[in-house]
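Thank you all for coming; I would like to walk you through one structure this morning. Please have the sequence and the model open while I talk.

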Amino acid sequence: MIQRVQSIFILVAIVLVASLIVWPIDSYGSAQGLIELRWDGVWDVTPGCAEPLVRRMIPVAVIIVAALALNVVGLFLFKRRPLQMRLVGIAAGIELCIAGVVVFLGINIADGMAQEWHVSARWALPILAAVMDYLAYRKISDDEALVRSLDRLR
């Protein structure tokens, strides 16, 4: 059923990953202007900027969309628990990779703008999504163990 606890954990992970797509991951300001790190690239949001796109990052966008898609598909596979466990586990791994890539990009952008890098709270969203997926994985595993034990009793 979709009302189970693991479905709530997966839904929270979906919201956390989707928030990376909706809002900027981080922003950097300096004398040159204001730069935002978004899910699909680095954007110059300085007023009056002629070319807003600084650098497109398609691989980062692909892995963020992949994590989101795996979570959405995993949410609706509640009748096929082993497959749901695999999808949620893969999504958690991808979300940890997203966190590493976001930190790496944030540090490189700050160094490129000759700024001291700072830790943004938005950098923790992929890690929180991975934790939610891990908790969902454990609950799905518990459900599967319960179903198997009841099959042995019959």
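**Glutamate 95, two salt-bridge groups and a strand residue**

Let me start with the contacts of one residue. Leaving aside its neighbours within four places in sequence, glutamate 95 is in contact (heavy atoms within 4.5 Å) with Val17, Ala67, Asn71, Pro126, Ala129, Ala130 and Asp133.

Before I go on, a word on how to read all this: this is a predicted model, in which local features need pLDDT of at least 70 and side-chain atom pairs count only at pLDDT 80 or more, while totals for chains, interfaces and linings use all residues. Residues are numbered from 1 along each chain as its sequence is written, and side-chain values use heavy atoms, with hydrogens and water left out.

Glutamate 95 lies in helix H3, residues 81-112, where helices (H or I, at least four residues) and strands (E, at least two) are DSSP runs numbered from the N terminus. What is the nearest side chain of opposite charge to glutamate 95? That is arginine 122, which is 13 Å away, and glutamate 95 is buried yet has no salt bridge. Buried here means under 20% relative accessible area, exposed means over 50%, and partly exposed is in between, with a 1.4 Å probe and protein chains only. A salt bridge is a side-chain nitrogen of Lys or Arg within 4 Å of a carboxyl oxygen of Asp or Glu, and for charge Lys and Arg count as positive and Asp and Glu as negative, with His and the chain ends not counted. The side chain of glutamate 95 does have a polar atom 3.0 Å from the backbone nitrogen of alanine 130.

Now let me step back to the whole chain. There are four helices and four strands, and from the N terminus on the elements run α-β-β-β-β-α-α-α. The C-alpha atoms fill a box of roughly 70 × 25 × 20 Å, taken along the principal axes. The radius of gyration, taken over C-alpha atoms, is 19 Å, whereas a compact globule of 154 residues would have one near 15 Å, by a rule of 2.2 Å times the number of residues to the power 0.38. Of the 154 residues, 40% count as buried, and among contacts between residues at least 6 apart in sequence, 63% join residues at least 24 apart.

Helix H1, residues 5-22, has 18 residues and reaches 26 Å from its first C-alpha to its last, close to the 26 Å expected, the expected span being 1.5 Å times one less than the number of residues. Its buried residues include Phe9, Ile10, Val17 and Ser19. Serine 19 has a relative accessible area of 9% and, not counting neighbours within four places in sequence, is in contact with Arg122 and Leu125. In helix H2, residues 58-75, the end C-alpha atoms are 26 Å apart, which agrees with the expected span, and the buried residues include Ala67 and Asn71, both of which are in contact with glutamate 95.

How many salt bridges does a search of the whole structure find? It finds five, and I will take three of them. In one, the side chains of arginine 56 and aspartate 40 meet at 3.7 Å, N to O. Arginine 56 lies in strand S4 and aspartate 40 in the loop between strands S2 and S3, so the pair ties together parts that are 16 residues apart in sequence. Arginine 56 is partly exposed at 44% relative accessibility, whereas aspartate 40 is buried at 16%.

In another, glutamate 144 meets arginine 81 at 2.8 Å, N to O. This pair links distant parts of the chain, with glutamate 144 in helix H4 and arginine 81 in helix H3, 63 residues apart. Glutamate 144 is buried at 12%, and arginine 81 is buried at 17%. Glutamate 144 also pairs with arginine 148, at 3.1 Å, N to O; both lie in helix H4, four residues apart, about one turn of the helix. Salt bridges that share partners thus join Arg81, Glu144 and Arg148 into one network.

Finally, leucine 37 is found in strand S2 and is buried at 1% relative accessibility. Among the residues that leucine 37 touches, not counting those up to four places away in sequence, are Val42, Met57, Val102, Leu105 and Ile109.

Technical notes. Polar contact = N/O pair within 3.5 Å; in protein donor to acceptor, adjacent residues only side chain to side chain.
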